[in-house]
Structure formats: structure tokens, C-alpha cells
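Please walk me through this structure. I would like to understand its cysteines, its nonpolar cores and its helical end.

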Amino acid sequence: MEEKNGVAICRSAVAMPGFFFFLLLFFLFVSWMPGTEAVWINLPAGGTKCVSEEIQPNVVVLADYSVVPEDSSHDHPTISAKVTSPYGNSLHQKEKMTSGQFAFTTSEAGNYLACFWIDSSDKGVAANVILDWKIGIAAKDWDSVAKKEKIEGVELELKKLEAQVQAIHQNLLYLKSREADMREVSEKTNARVAWFSIMSLGVCIVVSVLQLWHLKSFFQKKKLI
């Protein structure tokens, strides 16, 4: 019995490093996933630059933007910003700003568009805009969550992992529904094309029969046959 217990302990000791290695790989994979990333936008002296992001419904979006002039000798030019939903609804619109923030919860799936342009009073001066766009989990205030639930350290990281896994699951469900919609559209299109082909073939057959009947009648009248 002692030898068997000793063998069992050795096996568990060998298995534990493999488990921790798998857990470490999982942590690295999740931490590698894109969460938030600042976007550097070059605004021309006259014109508009837009950034789009495809987002599914019921997702929290939080973004900060600020102006960085190309020429440090000049004052910060003011810009206008406008954010629209996939259906064209205005979610955020500001004018004569050097920095700002917008936040909303998506109500429809599709491309959300954020556009920036330099105000008319500062035309002729180019500028750059830094846009820090946070979506979903990245927009969540984890410090407040930690204080509210009184968790920290490993517990907080596990909470983040749980939220990320749920977000991945929701994203997979969304992609599955999109794939089903696309397949349904493809099947309907194929069915319509098939019916159109059948109708075209039927029309060609009818026209050919009518042409033969007309030619036969013509030749009979001319007493050629």
C-alpha cells in the first residue's frame, strides 16, 4: 500500500507542472487577445477622417480622443467629432473640441463610425487625433468591481478571465447567427437563380416553338412545302 501511495503521489507531482503549464498558456492566450488599442489619426487641413468598428449589440463602448498638433509652435486646433450607428443614428456630436469622450451601449449590430474634422476657424492647419477606443470588457471599470466585490489579486484576474470567456462565447454565438443569416440569404439567392434559369429555358423553348410554327406556316403559304 505504501508503495502504491508513493507512486500515486509521484504521478500527481508530475501531473501538476503540466496543469500549471496549461494554465499559464491559457493566461498568455487571453492576455494576448486584443482589448483596447489607441488609434493615431492624421487629420488633413481640409477633409474628414473616419474610423469604423464592427460591434455586436448590447456591448459597452467607451472612447477618449484628444488633439495633437503637428506644429508645436501653434496652439491646439479645435476639431469636430461625430459618432453614428450602423443605421445612421447620431450617438455623439461635438464641435470646437480639443479633447472629448463618448460612451454608449450598442443597440444594433454593424459598423459604428467615428468621424473627425478640423473646425472651419482652424482650416489650413493639420493635426493628429489620438483615439482610445475601448469595447466590451476593456471598457469595464475593474477597480470599481474589485472594491465592490472586495476581491483582488488572483481572484480579480479570474474574474476578468471569466468575463473574457463569456465575451468570447457571446461573440461565437453572434458569428454563428451571422453565418446562419448569410447561409439563408445564399440559399434564397440560389433558389431564385434556379427558378430564373428554369423560366429562361421555358421562354426559349416557347419562342423556338413559335418560330418553327411561323416558318412552317410561311412556307405552306408560299407552297414551298
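**Cysteines, cores and the helical end**

Cys50 counts as partly exposed because its relative accessibility is 40%, and the range for that class runs between 20% and 50%. The model is predicted. Cys50 forms a disulfide with Cys115, and the two sulfur atoms are 2.0 Å apart. This bond joins distant parts of the chain: Cys50 belongs to strand S2 and Cys115 to strand S7, with their positions 65 residues apart. The torsion about the S-S bond is about 105°, so the disulfide is right-handed. Cys115, unlike its partner, counts as buried, at 13% relative accessibility. The structure holds 1 disulfide. Cys204 has 47% relative accessibility and therefore counts as partly exposed.

The strands also supply the largest nonpolar core, to which S1 (36-43), S2 (48-55), S3 (60-69), S4 (79-84), S6 (99-105), S7 (110-118) and S8 (127-135) each give two or more residues. This core has 22 residues, and Tyr65, Ile79, Phe116 and Leu131 touch the most other members. A second core, separate from this one, has 5 residues, among them Trp142, Ile151, Leu156 and Ala163.

Next comes the helical end. An unreviewed UniProt entry lists residues 12-33 and 193-213 under "transmembrane region". In the model, the span 193-213 is 100% helix and 0% strand, and its end C-alpha atoms lie 30 Å apart. Leu215 is part of helix H3, which covers residues 154-221. Together with Phe218, Phe219 and Leu224, Leu215 makes a nonpolar surface patch of about 380 Å². Leu215 counts as partly exposed because its relative accessibility is 43%.

Notes: Residues numbered from 1 in each chain as written. Predicted model: local features only at pLDDT ≥ 70, side-chain atom pairs only at ≥ 80, totals over all residues. Heavy atoms only, no water. Core = buried A, V, L, I, M, F, W, Y, C linked by side-chain atoms within 4.5 Å. Buried < 20%, exposed > 50% of the residue type's maximum accessible area, 1.4 Å probe, protein only. Helix = DSSP H or I, 4+ residues; strand = E, 2+ residues; numbered from the N terminus. UniProt positions renumbered as here; feature names shortened; annotations may be inferred. Patch = residues over 30% accessible without salt bridge, like charges linked within 9 Å, V, L, I, M, F, W, Y side chains within 5 Å. Areas by Shrake-Rupley, 256 points an atom, 1.4 Å probe, with all protein chains shown as cover. Salt bridge = Lys/Arg side-chain N within 4 Å of Asp/Glu carboxyl O. Disulfide = S-S within 2.5 Å.
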